[in-house]
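User: I've got this model open and want to see how the labels people put on it are earned. Can you take me through a few?

Analyst: Sure, let's go through them one by one.

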Amino acid sequence: MKFDESNKAYQDACKVIPGGVNSPVRAFKSVGRIPLFIKSAKGSKIIDEDNNTYIDYIGSWGPMILGHSHDYLNDGVEDIIEDGISYGFSTKKEIRLAKLMVDLYPGVDKVRMVNSGTEATMSALRVARGYTGKDKIVKFEGNYHGHNDSLLVSAGSGALTFQTPTSPGVPYDVIKNTLVCRYNDIESVQQVVSENKGEIAAIIIEPIAANMGLIPAKKEFLIELRNICDKEGIVLIFDEVISGFRIGLDGAAGYYGVTPDMACFGKIIGAGMPVGAYAGKKEIMDYVSPVGPVYQAGTLSGNPLAMHLGYKLLSYLKEHQEVYSDIEDYAVKLKNAMQISIDKYHVPCTIHQCGSLLTVFFKEGNIVNYDDVKECNVDLYAIYFNAMLNQNILLAPSQFEAMFVSHAHNQDDFDKTVDAFDKSMAKVAGAL
Ligand SMILES: *Cc1c(COP(=O)(O)O)cnc(C)c1O
């Protein structure tokens with residue numbers, strides 16, 4: 001395989017874009033490569049600048065649930081463009097999408113559109129703080145909520161109470177109100193809540209964590225979180241930027257039967273357009289400006305093209321709910337076939353699957369939180385990733401991400417993926 005054009009583009013890009021990329025995960029650093037530059041994509045396939053065609057399991061990190069460049073979504077886009085792609089004014093398209101989201105997602109009455117998942121979580125936390133009049137928030141180690149200053153924090157070495165920024169440029173003063181707990185560990189939450197009694201505004205969580213590899217929360221854990229929040233007057237925020245409308249029409253909330261007070265969305269609700277949203281109960285959302293005192297704004301929020309495509313995708317999914325069972329079936333079959341190769345070559349792996357998401361962890365045994373994830377062998381992941389890429393299968397270029405199955409993946413893709421996986425595991429086994 002040749003990567004000459006990607007290489008050239010990368011050299012060029014590095015002159016004017018930091019590291020040649022606009023988001024670090026695209027750098028392929030953790031798998032020892034340079035970025036691929038993409039030319040086009042259709043269905044389950046993505047094509048790079050060297051005309052290498054891959055079966056794509058990234059799917060723009062979730063939105064491409066129907067596959068790339070789907071005809072139904074493409075249809076009529078020209079008309080929208082013809083009418084003007086941005087006004088900075090209200091449109092009926094925003095109401096349509098908001099109504100559909102309120103209709104489908106449990107427990108939310110109102111939605112505010114923003115432009116990214118990062119903005120959604122940042123704004124939701126501000127509203128929760130304004131609503132409760134409290135400053136402290138709780139997040140979980142290994143959960144990702146975008147690159148907000150106050151959330152770029154991890155628990156300092158073992159001690160849950162001494163948090164540290166995970167990036168230069170984030171002052172300690174900004175994160176001192178962010179408390180970090182262990183995922184799936186209710187005792188760590190109980191401890192932090194009792195040590196900060198009456199001071200916590202919100203608990204934010206990825207109910208199906210997909211940014212430290214895929215780790216679904218334990219149901220009991222979420223139920224207990226809900227109880228603690230009810231008892232202590234804490235706003236429970238589900239970050240469903242990945243899971244919302246991908247795990248099902250009612251997201252992780254529906255999957256677990258646990259309803260949050262607020263929820264954040266992104267990725268899929270724009271069908272690939274840059275978009276985000278936060279939603280919640282009326283009494284909380286009415287704290288948002290201009291009806292309430294909490295300021296939050298966005299010049300290009302509710303962009304007509306994004307609202308049009310988001311509405312079309314969600315309404316399609318509502319009318320074709322078999323999409324969810326189809327992509328889950330594919331993921332389950334893939335998991336089972338992968339497990340056969342893992343057993344055959346005795347590779348130390350654990351596969352997690354939930355709905356259409358999967359992660360192959362290079363570690364055996366229970367993986368329930370970030371401490372477990374840190375024990376994964378990332379060198380083996382890199383061998384696996386490269387072996388798959390060389391067989392034209394494109395996976396997330398990091399151990400700490402998920403695979404996304406789309407409705408465009410077919411039996412031929414499945415057979416090729418399983419075959420490539422078997423050969424890749426043989427290769428990994430050779431390196432053990
Ligand atoms: C991707 C993601 C975000 C951030 O969304 P951006 O649009 O990249 O800002 C936040 N939370 C979760 C769970 C995500 O997966």
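Analyst: First, a polar contact is a pair of N or O atoms within 3.5 Å; within protein, one must be able to donate a hydrogen and the other to accept it, and residues adjacent in sequence count only if both atoms are side-chain atoms. Bear in mind that this is a predicted model, where local features need pLDDT of at least 70 and side-chain atom pairs count only at pLDDT 80 or more, while totals for chains, interfaces and linings use all residues. Residues are numbered from 1 along each chain as its sequence is written, and side-chain values use heavy atoms, with hydrogens and water left out.

User: What makes Asn211 a polar contact of the ligand?

Analyst: An N or O atom in the Asn211 side chain is 3.0 Å from a ligand oxygen atom, and the cut-off is 3.5 Å. The Thr118 side chain does it too, at 2.6 Å from an oxygen atom of the ligand. With Asp239, a nitrogen atom of the ligand is 2.7 Å from a side-chain N or O atom. Taken alone, the ligand exposes 380 Å², and the protein buries 83% of that (areas by the Shrake-Rupley method with a 1.4 Å probe; for residues, only the protein chains shown count as cover).

User: Why is Ser243 called buried?

Analyst: Its relative accessible area is 1%, and buried means under 20%, exposed over 50%, partly exposed in between (1.4 Å probe, protein chains only). So Ser243 counts as buried. It sits in the loop between β12 (235–239) and α9 (251–256); helices (H or I, at least four residues) and strands (E, at least two) are DSSP runs, numbered from the N terminus.

User: And why does Tyr330 count as buried?

Analyst: Tyr330 has 8% relative accessibility, so it counts as buried. Tyr330 lies in helix α12 (residues 322–345). Leaving aside neighbours within four places in sequence, its contacts (heavy atoms within 4.5 Å) include Tyr57, Val405 and Phe414. Tyr330 and Phe414 are 84 residues apart in sequence, yet 7.9 Å apart C-alpha to C-alpha.

User: How do you know that the span of α4 agrees with what it should be?

Analyst: The expected span is 1.5 Å times one less than the number of residues. For the 13 residues of α4 (92–104) that gives 18 Å, and the end C-alpha atoms are 19 Å apart, which agrees.

User: Which residues of α4 are buried, and why do they line one face?

Analyst: They are Leu97, Ala98, Leu100, Met101 and Leu104. Seen down the axis, the buried residues fall within an arc of 160 degrees, so they line one face of the helix (the arc is that of the directions from the helix axis to the C-beta atoms). On the other side of α4, Lys92 and Lys99 are exposed.
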